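Reader: I am a first-year student and would be grateful for a close look at a single part of this model. Could you please take me through one sheet and the places around it?

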Amino acid sequence: MTSFPVRRKLAVLPFVLLPLGAVAACSGEGNNATTDCGVNSCTVTFDRGVDANASILGIKAELVKVQGQMVTLKIAGQTVTVPVGEGEQAEGFDVSVQSVTKDKVVVKISGGGGG
């Protein structure tokens with residue numbers, strides 16, 4: 001009956017590894033940007049005034065420009081302009097601009113039809 005505890009441990013293993021998969025889906029690699037990711041969404045904080053991008057949810061997100069309260073991003077190759085406090089869709093991702101300061105732009109990107 002020693003196989004029962006082994007089977008229980010094997011059954012639990014995917015749930016233990018699940019958070020690692022979520023982190024892997026959102027890499028912190030990029031230029032002048034930091035990321036904070038969950039299972040189906042990432043919050044990206046871009047530095048302003050520099051080439052800023054991040055690899056998240058299997059795509060590349062880039063800050064193109066900020067003009068007043070309008071933020072232009074390139075999400076998986078598609079350019080989208082989003083007003084601060086609002087959201088748009090780009091390549092099947094929900095993109096919302098949470099805040100803009102003189103130094104940073106904070107954007108939330110949710111994958112696969114909004115989660």
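Author: The following account treats the sheet, its edges, a disulfide and some neighbouring turns.

This is a predicted model, in which local features need pLDDT of at least 70 and side-chain atom pairs count only at pLDDT 80 or more, while totals for chains, interfaces and linings use all residues. Residues are numbered from 1 along each chain as its sequence is written, and side-chain values use heavy atoms, with hydrogens and water left out.

The confidence score comes first. The pLDDT is the predictor's confidence in each residue, from 0 to 100. The protein chain has an average pLDDT of 81, and 70% of the residues score at least 70. Over residues 12–25, however, the pLDDT is below 50, and this stretch has 5 contacts in the model beyond near neighbours in sequence; a contact means heavy atoms within 4.5 Å. Where pLDDT is low, the predicted coordinates should not be read in detail.

We may now turn to the sheet. Strands are DSSP runs of E with at least two residues, numbered from the N terminus, and two strands pair if DSSP finds at least two bridges between them. In the open sheet, 5 strands follow the order S2-S3-S10-S9-S8, with antiparallel pairing. Strand S2 (33–37) and strand S8 (87–90) each have a single partner strand, so one side of each is left without a neighbour in the sheet. On average, neighbouring strands of this sheet are turned by 25 degrees against each other, direction ignored; such angles lie between axes, which are lines fitted to C-alpha atoms, and run from 0 to 180 degrees between N-to-C directions.

At one edge, S2 is joined by 5 bridges to strand S3 (residues 41–47), and the two run antiparallel. Within this pair, Thr34 is opposite Thr45 of S3. A disulfide, defined as a pair of cysteine sulfur atoms within 2.5 Å, links Cys37 and Cys42, with an S to S distance of 2.0 Å. The whole structure contains 1 disulfide. The link of Cys37 and Cys42 is right-handed, with 115 degrees about the S-S bond.

How covered are these places? Buried means under 20% relative accessible area, exposed over 50%, and partly exposed in between (1.4 Å probe, protein chains only). Cys42 counts as buried at 1% relative accessibility, whereas Cys37 is partly exposed at 24%. Ser41 belongs to strand S3 and is buried, with a relative accessible area of 17%. Beyond its neighbours within four places in sequence, Ser41 is in contact with Asp36, Leu57, Lys108, Ile109 and Ser110.

Leu57, one of these contacts of Ser41, leads to a hairpin. S4 and S5 form this hairpin with 2 residues between them, and Leu57 in the turn has a positive phi of about 50 degrees. Strand S4 (residues 52–56) has 4 of its 5 residues buried. S4 is joined to strand S5 (residues 59–67) by 5 bridges, and they run antiparallel; Ala52 has Leu63 in S5 as its bridge partner.

Most residues other than glycine have a negative phi. Asn32, although not a glycine, has a positive phi of about 55 degrees; Asn32 lies in the loop between strand S1 (26–31) and S2 and is partly exposed at 36%. Glu91 also has a positive phi, of about 50 degrees. Glu91 sits in the loop between S8 and strand S9 (93–100) and is partly exposed, with a relative accessible area of 46%.
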